[in-house]
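Trainee: Could you take me through one part of this model in detail? I'd like to look at the aromatic rings and then whatever strands you think go well with them.

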Amino acid sequence: MRFAAEPLTEDELRLRDEVREFMAQERANGLGVGLGINAEADMEFSRRVAARGWVGMTIPKEHGGPGRTAVERFVVVEEMLAAGAPISAHWVGDRQTAQMFVRFGSEQHQREFLPRIVAGDVWFCLGMSEPDSGSDLASVRTRATRTEGGWLLNGQKVWTSGAQYADYVVTLCRTSPAEGRKHVGLSQLLVDLRADGVTVSPIRLLNGFHHFNEVHFNDVFVPDSMVLGQEGDGWHQVTSELAHERSGPDRFLSVMPVLARLYEELRHRDLPDDVLTSLGRTFSTYMTLRSMSLSIARALDRGETPAVEAALVKDLGTQFEQEAIEQLRTLVGGELDPTAPGLEGLLADAVITAPTFTLRGGTNEVLRTVVWKSLQRSRRESA
């Protein structure tokens, strides 16, 4: 695994300044500060971002997209997350569903969905996790059986972020027997969340926030035209998107709005050396993770698929977020009120949300297994 230092170019720095200016204006217009992808979805904000050409940035021009680079998207996402922008409405479509349509989608899918993603006119969520599967994604029990003109889908998904407002759920399901190999016979279906037989039920966090959902499918008809990619290629398709899902700044920047606010409150105080050392360690860790994530974006622009490096970034990044929250909690001290304005309320939300960081996108234990297997393979090949 290699993580090369990748400084931003002059054009990328200009884009960064443009995004900062946009976010400053949004703040002046009353936009609140949240925890990035954990914040309440704001469709109107997402549409304003789309109007600037910052949603679906890497979609090629021939498909109605801006045709910009993964690093340019990194710049935009980093600034949005650092500012606590409510990006969750367009997040899944922008981060990975668009990439799936470009790589595996039919001409109809590309024509129908890609321009709408760019315009902020359609929202997606991911139907992967199931109650009895844990992180063993290939053991999904949701099943689609053949019927005239399509499929009948039955099963249940859990921890589905954004299903309460999304238009479609990209659903991993079994379409043919495993025949002793559970990774075989899986497909991805684009399921209209307003279709007959679909039920979405909220799973609320301790603060009452509605981010996760259970999604039940009861004889949901899915036409053949809504199979994403090739029938039976679901596992290959899912794993191909992991470099996009796990490597981005969302894996270590959710808590940056809290860190920034605390820094503003502490910067003019005479702080003890141990506090200064602790804060310095936190920000140096962030800069290391940022460098690693940025190097993966460069690799994606070169046409590489650094899935193992992405797993490491996700593991280290989500650990960092949880440790940073505990550090901030110690510095602030006392009980936290999630209804309080400013730093206290934001930190209280972060404390409640923090346990989810190391679960979403694959648990850290599973990610370490991915990294270990890669290192073992490299060791055998170099022996």
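Mentor: Let's fix one term before we start: a residue counts as buried when its relative accessible area is under 20%. Keep in mind that this is a predicted model. With that cut-off, F124 is buried, because its relative accessible area is 3%. F113 is buried too, with a relative accessible area of 0%.

Now put those two together. The structure holds nine aromatic pairs, and F113 with F124 is an edge-to-face one, with 5.7 Å centre to centre and 75 degrees between the planes. F113 sits in helix 5 (residues 107–119) and F124 in strand 1 (residues 124–127), so this pair ties together parts that are 11 residues apart in sequence. Zoom out a bit and you'll find ring pairs linking F113 and F124 with F101 and Y168 into a cluster.

There's also a charge to look at elsewhere: R73 lies over the face of W91, 5.2 Å from the ring centre.

For the strands, I'd go to strand 7 (residues 210–223). Strand 3 (residues 150–157) pairs with strand 7 in the antiparallel sense, over seven bridges, and here G155 stands opposite F217. Strand 6 (residues 198–204) is another antiparallel partner of strand 7, again over seven bridges; I203 has F212 as its bridge partner there. The hairpin of strand 6 and strand 7 has five residues between the strands, and G208 takes a positive phi near 85 degrees in that hairpin.

Notes. Residues numbered from 1 in each chain as written. Predicted model: local features only at pLDDT ≥ 70, side-chain atom pairs only at ≥ 80, totals over all residues. Heavy atoms only, no water. Pairing = 2+ DSSP bridges. Helix = DSSP H or I, 4+ residues; strand = E, 2+ residues; numbered from the N terminus. Phe/Tyr/Trp six-rings, centres within 6.5 Å; stacked < 30°, edge-to-face > 60°. Buried < 20%, exposed > 50% of the residue type's maximum accessible area, 1.4 Å probe, protein only. Lys NZ or Arg CZ within 6 Å of the ring centre and 35° of its normal.
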